[in-house]
Amino acid sequence: MENFEILLGEYRNYFLDPSGSNLKEFLHYSNKMLTKVLQMYTKRDVKVKISYVGERTAEISIHDKTDSSTIKKKIFDAAFEMPENGHSLDELVDTLGDLLQSEVCFNTKFLGQMHPHDSIPSFVAGITAKFLNGNTVAEEVSRVTTYLEKQAVGWLAEACGYNPDLTWLEDIKLEGKIKEVLDKMIELPSSSGNITCGGTTANFAALLVARNKAFMEDIYWRKEGVAEAGLTKKEDCVVFGSEYSHYSIEKLCGYAGIGSKKFIKVNTTDKKVDARDTRPGSLKQMMWQAAKEGKKVVGVVAVAGTTETGNIDDLEGIANLLDEFENEFEYRPHFHVDAAHGGGFVFHDLYSPKKNGLLKGINRADSITVDPHKMLYTHYNAGCILFKNKQDHYLLKQTADYLFKNDGSCNLGQFRVEGSMGLEGAIQTWASLFCLGKKGYQTILQHVLDLTEYLEGKIKATTCFEVLHKREMNILCFRYYNPEFSEEVNNEINKEAQKRMYDTGKAYISNENQLHTIAGEKKKIEVFRAIPMHPWTKREDIDFAFEEVNNAICSTLSDREKYFQRSIASIKNGGA
Ligand SMILES: Cc1ncc(COP(=O)(O)O)c(C=O)c1O
């Protein structure tokens, strides 16, 4: 087996090291790419040369200490009203450059959100996309990127266990064995999908398709579906999903005309929807009850990597439950998996559905959301919706004579929620998959999983912090907890400490008010949520960030010294 550290060193170099060790390479590839694209555009012999000189002058932190009102005042002073005559480019660079000095740096000590960091392939692809400013709405204005998108979506579909759509390759001239293989593959019923501007619009596409499928008979009777006719009947319909679903699902059920109140959150066990559970409030009990009451079950939305704790619903079990439901009620609700965060893990052996990993069953879903701008490390904006069955994707079809000509061209805008979209999402996704490959993702993801495990070990070694859930991905929620204080006081301390930590700006772990089961009772509590993500984050950064948590808790407690003396002593002694 190859040495993990060697592999990590190799693949980590696809990301800019915030301490500057590979800054030269970063500039080299950015220059090279810009040179190529400017040459193509201007037909001149261009040579872009952005270089750097100098040493690091300050410690790395996630932001400087400028407070929010000072930032607002600076923006106000720079331009209160829209300028009458405009400013020079020099003034722009000076003003904007100064203002942005206080912006957040998503570096190795930023451990609090699922935020992609410093990918060089994505950056290099992204600057060219910015420059070219094409539009993936129609092939006419993105004759290359349209197919880069088709290919990247196919790669993701395949990793999720779907048959990739290869029909776009039908007209290329191939010979021999490779042609035979391709022809065979093209004949298989294929999946489809597209890049979106994020997980929210990907989920929206899935819910619209679920809704259109649920009222399919309308198409038969009136030659038009619910998308054209609207929800005209008094349809009483419901969508089910985890109580830990992303907030977009409830919102989008409203936007799709299903009704946000008709999104029914079911109970979970250890933060996961358990398909075998039949107790009141479970998925099975709620689905069967709804169907018996005559409600139409439009769909079930499972989460593969919850936003809060990264836990994965029982995907295989839910797929089986839908089989059972279909046998009994003679229709099959749409099964969507929201893997906006967890989708990237399909490239890791421990998770791969093809290797019976933790995401097994994802291939049985009708649609899947994967956000490249999360665990596939592209820059924003890049989401992706995949449909197992191409026919489902076609339910989103919209024509427009001026744009979508019937000449065999591939017009992605016809089948998506978004209209115009820059090339970034597609090119960045393609470039990241192209450079890192399966092994690159396996390596980088293993690294962030190791860091999460390391943090868990540190927390568990103390007596004043507790881990709040089973670790399944690179998300870990924990809190400071003193049993001598009320829940309210513990909450207050965690919340205040996080604010102090953020203001200090040296490291970042987010703070959230989350639903947890505490002593058998479901309650909202204040927690720290760590998400190690940066490929250059090391154990020392985790040590540093956890030390910052400790410092913030200590300073919070010491401001209430007379009440909390004992607790401070315990933390200072390493919580022992
Ligand atoms: C599980 C899940 N679904 C959907 C989304 C929404 O994604 P986006 O912010 O890209 O719209 C998120 C974002 O955190 C998420 O965690």
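Here is a short chat about a predicted model, covering a loop residue, a sheet and the ligand's surroundings.

Visitor: Why is Glu84 called exposed?

Guide: Count the neighbours: Glu84 has 5 other C-beta atoms within 10 Å. The cut-off for exposed is 12 or fewer, so Glu84 counts as exposed. As for where Glu84 sits, look in the loop between α3 (68–78) and α4 (89–99).

Visitor: How far is Glu84 from Lys261 in sequence and in space?

Guide: They're 177 residues apart along the chain, and 48 Å separates them from C-alpha to C-alpha.

Visitor: What makes β8 and β9 a pair?

Guide: Pairing takes at least two bridges, and 3 bridges join β8 to β9 (residues 476–480), so the two strands pair, running antiparallel. Across that pairing, Phe465 stands opposite Tyr480 in β9.

Visitor: Why are β8 and β10 called edge strands?

Guide: The sheet is open, with 4 strands in the order β8-β9-β11-β10 and antiparallel pairing. β8 (465–467) and β10 (510–518) each have a single partner strand, so one side of each has no neighbour in the sheet. From one strand to the next, the twist averages 45 degrees.

Visitor: Which helix lies across β9, β10 and β11?

Guide: That's α16 (residues 487–504), at about 20 degrees to β11 (521–530).

Visitor: What makes Gly198 part of the ligand's surroundings?

Guide: A residue is near the ligand if its C-beta atom, placed from the backbone, lies within 6 Å. Gly198 is one of the 14 residues around the ligand, and among those that come nearest, along with Gly199, Thr200, Thr307 and Ala340. By class, the shell has 3 nonpolar, 9 polar and 2 charged residues. Helix α8 (residues 199–214) gives the most, with 3 residues.

Conventions: Residues numbered from 1 in each chain as written. Predicted model: local features only at pLDDT ≥ 70, side-chain atom pairs only at ≥ 80, totals over all residues. Nonpolar A, V, L, I, M, F, W, Y, C, P; charged D, E, K, R; others polar. Axes fitted to C-alpha atoms, helices over the stretch in contact; angles between N-to-C directions. Contact = placed C-beta atoms within 7 Å. Buried ≥ 20, exposed ≤ 12 C-beta atoms within 10 Å, placed from the backbone.
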